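Visitor: I am new to this structure and would like a close look at a single part, the strands and how they pair. Please take me through that part with care.

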Amino acid sequence: MAFKRRSTGKSDADPGFNPNRTPDLFALTAEGYIIAQDIACQYEYVEAQLCADCGCPLHVIAQINRSYQGLNELVTACPNCGRNYSFIFDVSNEVYQRWWAQRLGDLYVKNYEGPPRRAARRH
Ligand SMILES: [Zn+2]
């Protein structure tokens, strides 16, 4: 049995997608972290990157949960030359935390005590 997706598509179908993303998505914090506003966007960001040496799309090989720092890190490798790239996303920002809290409901725990980071500059 298949359900027809609504025209808004992905936002309804993908539990990792935040329908309330803002223009600050993928902007950089003052520290240089990449603003993430949901889980799906972090993989979208990596999918858009190419190896600087050989131009191949990168594959995610590890996900490092640093939520106690308000961060999430994706480690990638080029399948062609093996070079590694790390992408560090900010998940402390208000858009992400609001979305995460709505998703988890009573299970939500704020495990980063610092102030939410903000976008400092666009790419
Ligand atoms: Zn490469």
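Guide: What follows is a walk along the paired strands, with a few words on the whole first. This is a predicted model, in which local features need pLDDT (the predictor's confidence in each residue, from 0 to 100) of at least 70, side-chain atom pairs count only at pLDDT 80 or more, and totals for chains, interfaces and linings use all residues. Residues are numbered from 1 along each chain as its sequence is written. The mean pLDDT of the protein is 90, and 88% of its residues reach 70 or more.

The protein has three helices and four strands, which are DSSP runs numbered from the N terminus (helices are H or I with at least four residues, strands E with at least two), and along the sequence they follow the pattern α-β-α-β-β-β-α.

Strand β2, residues 59-66, pairs with strand β3, residues 71-77, in the antiparallel sense over seven bridges, where pairing requires that DSSP finds at least two bridges between the strands. Within this pairing, A62 has V75 in β3 as its bridge partner. The two strands form a hairpin with four residues between them, and in its turn G70 has a positive phi of about 70°.

On to the next pairing: β3 also pairs with strand β4, residues 84-90, again in the antiparallel sense and over seven bridges, and here T76 has Y85 in β4 as its bridge partner. The hairpin of β3 and β4 has six residues between the strands, and G82 there takes a positive phi near 85°.
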